[in-house]
There are 2 protein chains.
Amino acid sequence: MEYSLNIKMNEKLFLRNPEQTDLGKKIILFSIQLIHEKGFEDFTFKKLATAIGTTEAGIYRYFENKHKLLIYITAWYWSWLEYRVITYTENILDPVEKLRKAIKFLATSVEDDIRTSYVNESILHQIIISEGSKAYLTKHVNEDNQDQLFKPYKDLCSVIGNYILECNPDYKYPRSLATTIVEMAHIQNFFMQHLPALTDFGKSKSESNILDFLEDLVFHEIKK
Amino acid sequence: MEYSLNIKMNEKLFLRNPEQTDLGKKIILFSIQLIHEKGFEDFTFKKLATAIGTTEAGIYRYFENKHKLLIYITAWYWSWLEYRVITYTENILDPVEKLRKAIKFLATSVEDDIRTSYVNESILHQIIISEGSKAYLTKHVNEDNQDQLFKPYKDLCSVIGNYILECNPDYKYPRSLATTIVEMAHIQNFFMQHLPALTDFGKSKSESNILDFLEDLVFHEIKK
DNA sequence: TATTTATGATAGTATTACTATCTTTGCTTA
DNA sequence: TAAGCAAAGATAGTAATACTATCATAAATA
């Protein structure tokens, strides 16, 4: 049996829906590869077009500019992650176990999900680590936010925040702690890879250490 | 009596030392204003030159490119902050009080320091919040790191890490907790301003709430 | 007075970030 | 089977960006 997983994306993110055509899917597939390879600053629609074997104008029919494309692929990632977190925790009754599992999904690398043919999730995870925050660290964040472009990120954080409240209904900072988990899962990973003196995981360079740190932090904080 | 505070910057950050000439000081002063006004992506040496009343070529004599200039001003900020943290905590004996004071310096807005005529620290603080992480989130972070460009950031985190260890010598993650404090002090501030649903401070929008959250987090975590 | 140093003035190039237009291909649907 | 439409290809063009180079000039210094 074959599976396929479809994530409905906000229509303001694109001009033409990339999921509905061959070229569109290629744009997503190759842009993930190219952004990972060159970094977002050095990534251009010209280079993307050449890699795909189409023209610049072809890309512009799908995305207004490269920043919208970055928001698209990050938003896709957060939606996919929320889906995974929810499906893999729904049978767990103990809220502490649920939260533990969620943290694990955030802090651990993923393997390519075979149900999504035109997205390579393990590379996407690396992009989130290195480029993810550039999606919102702009002067037009307020307008983008009004267009709901960051909803998937907020939804994921909201799920984590609710798990935190299930563990301790009196805890005062469930949202801020949720974003702390999500952000630090990625920032600690980046620092571990590139600026190891800023972490305690420089020698082993293992994601399981980040996981241990985050669990330690979260469960000390919300302990009743 | 007049005071002046001088911070020695890494020579690899510039081509000609901006602190030693009038034009150099103007470049720092105006670039801080302009980056804050336009955001880093929309900031160009052309616009900076026009604002100062000099030419593009004039700016290029001081800085290789706008990214080096960003690293320069962020590095300056971290050095200045480390200096403040150290001087204002050196007479405090209780390590918990010391750490508490340090967190306060990180999470609270500053007023313009009159001892540094060509740097506006309160605007610089906003730049750190919105643009700071772009200094290291690049494909050339490893080369920049080899050139010691991030040393001021590391030094500051190291100071905080040591205060953490003074509070609890057995604590396992002093470096990662230090970077968590520094990063989250700024990220929570950005979210509070622009994506308030991601924090618990959306209504009041007050920095003192961020401070309370960070203290709560840190002292629960390192409690013996 | 000679010389170095900083700045100004001007010009030029490759690349980026688009926009516009016209043609072709291939798939519906009457 | 023909007409019609949507997607994609081909090509061109523009303003801005990110530089590099050169030559002149003014001020500081030796």
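**Notebook: two chains and DNA strand D**

I first looked up how the copies are related, and I noted that chain B superposes on chain A by a rotation of 180° with 0.0 Å of shift along its axis, at an RMSD of 0.0 Å. I therefore wrote the two copies down as related as by a two-fold rotation axis. I keep in mind throughout that this is a predicted model.

Next I turned to the interface, where I found that 100% of the interface residues of chain B are also interface residues in chain A, so the copies meet through the same surface.

**Core**

I then asked which residues have the most contacts inside the largest nonpolar core. I found that this core has 164 residues, and that A:Leu99 and B:Leu99 are the ones with the most contacts inside it. I followed B:Leu99 further and, leaving aside its neighbours within four places in sequence, I listed its contacts as B:Ile160, B:Tyr163, B:Ile164, B:Cys167, B:Val218, B:Phe219 and B:Ile222. As background I noted that nonpolar side chains tend to be buried together in soluble globular proteins.

**DNA strand D**

I looked up the surroundings of DNA strand D and found 17 residues, the closest being A:Thr54, A:Arg61, A:Tyr62, B:Glu56 and B:Tyr60. I recorded that the residues of this surface divide into 5 nonpolar, 5 polar and 7 charged, and that helix α3 (residues 56–60) of chain B gives the largest share, with 3 residues.

Which parts of DNA strand D lie within 4 Å of the protein? I noted that 50% of those atoms belong to sugar or phosphate, and that the rest belong to bases.

For individual atom pairs, I began with the phosphates: a polar side-chain atom of A:Thr54 lies 2.6 Å from a phosphate oxygen of DNA strand D, and an N or O atom in the side chain of A:Arg16 is 3.3 Å from a phosphate oxygen of the strand. On the base side, I found an N or O atom in the side chain of B:Glu56 at 3.2 Å from a base nitrogen of DNA strand D.

**Backbone at Gln148**

Last, I checked phi and found a positive value, near 70°, at A:Gln148 and likewise near 70° at B:Gln148. I noted this since most residues other than glycine have a negative phi. I placed A:Gln148 in the loop between α7 (141–146) and α8 (151–167) of chain A, and B:Gln148 in the loop between α7 (141–146) and α8 (151–167) of chain B. I also looked up accessibility, and A:Gln148 is partly exposed, with a relative accessible area of 45%, while B:Gln148 counts as partly exposed at 45%.

Key
Residues numbered from 1 in each chain as written. Chains lettered and ligands numbered in written order. Predicted model: local features only at pLDDT ≥ 70, side-chain atom pairs only at ≥ 80, totals over all residues. Heavy atoms only, no water. Helix = DSSP H or I, 4+ residues; strand = E, 2+ residues; numbered from the N terminus. Buried < 20%, exposed > 50% of the residue type's maximum accessible area, 1.4 Å probe, protein only. Core = buried A, V, L, I, M, F, W, Y, C linked by side-chain atoms within 4.5 Å. Contact = heavy atoms within 4.5 Å. Least-squares fit on C-alpha atoms with pLDDT ≥ 70 in both. Near = heavy atom within 4 Å. Polar contact = N/O pair within 3.5 Å; in protein donor to acceptor, adjacent residues only side chain to side chain. Nonpolar A, V, L, I, M, F, W, Y, C, P; charged D, E, K, R; others polar.
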